[in-house]
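Visitor: Hey, I've got a structure open and I'm not sure where to start. Can you walk me through it?
Guide: Sure, let's look at it together.

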Amino acid sequence: MTEQYVRQPIRCWKCKKVFTLLIDTAGNPELSRTCPYCGASFHINLAQYPTTVTTVVRNIGDPQPQEITVFVLPEIIETEQPDNL
Ligand SMILES: [Zn+2]
């Protein structure tokens with residue numbers, strides 16, 4: 001398992017407040033969460049963003065750094081009202 005977590009600012013489509021979410025940029029691109037301020041549900045699909053290849057060293061002294069593909073995320077992810085509400 002290769003994981004690359006970033007703390008990503010998200011703007012709620014409903015109350016417009018910005019909060020941070022811990023996102024695995026090398027993992028599942030589809031996330032469903034709720035806003036911590038107003039409780040509104042939102043869905044994010046990271047697959048809409050470009051990707052880049054980065055090198056990570058998993059352990060100190062590891063002779064084989066790994067190359068992984070991660071999503072390049074905007075400064076703030078804007079969310080939209082889900083279709084099913
Ligand atoms: Zn909200």
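Guide: Let's start with Lys16, which sits in the loop between strand 1 and strand 2. Keep in mind that this is a predicted model.

Visitor: Okay, Lys16. Is it buried or exposed?
Guide: Lys16 is exposed, because just 11 other C-beta atoms lie within 10 Å, and 12 or fewer counts as exposed.

Visitor: What's its phi like?
Guide: Lys16 has a positive phi of about 70°, although it is not a glycine. In general, most residues other than glycine have a negative phi.

Visitor: How many residues are there between the strands of that hairpin?
Guide: The hairpin of strand 1 and strand 2 has 6 residues between the strands.

Visitor: And how do those two strands pair, parallel or antiparallel?
Guide: Strand 1 and strand 2 pair in the antiparallel sense, over 7 bridges. As an example to look up, Gln8 in the pairing stands opposite Leu21 in strand 2.

Visitor: What holds paired strands together, generally?
Guide: Strands of a sheet pair through backbone hydrogen bonds, either parallel or antiparallel.

Visitor: What's the strand order in that sheet?
Guide: The order is 2-1-7, in an open sheet of 3 strands with mixed pairing. Strand 2 (18-24) and strand 7 (77-78) stand at the edges with a single partner strand each, so one side of each has no neighbour in the sheet.

Visitor: Then how does strand 1 pair with strand 7, parallel or antiparallel?
Guide: Strand 1 and strand 7 pair in the parallel sense, over 2 bridges. Here Ile10 stands opposite Ile77 in strand 7.

Visitor: I clicked on Pro9. Where is that?
Guide: Pro9 is in strand 1, which covers residues 5-11. Pro9 counts as partly exposed, because 13 other C-beta atoms lie within 10 Å.

Visitor: Which residues is Pro9 in contact with?
Guide: Leaving aside neighbours within four places in sequence, Pro9 is in contact with Val18, Thr20, Glu75 and Ile76. You can also check Ile23, which is 14 residues along the chain from Pro9, with 9.9 Å between their C-alpha atoms.

Visitor: New topic. How many helices and strands does the whole protein have?
Guide: The protein has 0 helices and 7 strands, so from the N terminus on you read β-β-β-β-β-β-β. Its radius of gyration is 15 Å, well over the 12 Å that the globule rule gives for 85 residues, so the protein is more spread out than a compact globule.

Visitor: What does the C-alpha trace span along its principal axes?
Guide: About 50 × 20 × 20 Å.

Visitor: And how much of the protein counts as buried?
Guide: Of the 85 residues, 11% count as buried.

Visitor: Which residues make up the largest nonpolar core?
Guide: That core has 5 residues: Phe42, Ile44, Leu46, Val70 and Phe71. Strand 4 (41-45) and strand 6 (66-71) each supply at least two residues of this core.

Visitor: What does Ile44 contact, further off in sequence?
Guide: Not counting neighbours within four places in sequence, Ile44 is in contact with Leu31, Ile77 and Thr79. You've met Ile77 already, opposite Ile10.

Visitor: What about Tyr37, where does that lie?
Guide: Tyr37 lies in the loop between strand 3 (30-34) and strand 4. It counts as partly exposed, because it has 13 C-beta neighbours inside 10 Å.

Visitor: Which residues does Tyr37 touch?
Guide: Beyond residues up to four places away in sequence, Tyr37 touches Cys12, Cys15, Lys17 and Phe19. Tyr37 and Cys12 are 25 residues apart in sequence, and their C-alpha atoms are 8.7 Å apart in space.

Visitor: Last one: Asp83. Is that buried or exposed?
Guide: Asp83 counts as exposed, because it has 6 C-beta neighbours inside 10 Å. You'll find Asp83 in the segment after strand 7.

Visitor: How far is Asp83 from Val56?
Guide: Asp83 and Val56 are 27 residues apart along the chain, and their C-alpha atoms are separated by 37 Å.

Terms used. Residues numbered from 1 in each chain as written. Predicted model: local features only at pLDDT ≥ 70, side-chain atom pairs only at ≥ 80, totals over all residues. Helix = DSSP H or I, 4+ residues; strand = E, 2+ residues; numbered from the N terminus. Buried ≥ 20, exposed ≤ 12 C-beta atoms within 10 Å, placed from the backbone. Contact = placed C-beta atoms within 7 Å. Rg over C-alpha atoms; globule rule 2.2 N^0.38 Å. Pairing = 2+ DSSP bridges. Core = buried A, V, L, I, M, F, W, Y, C linked by C-beta atoms within 7 Å.
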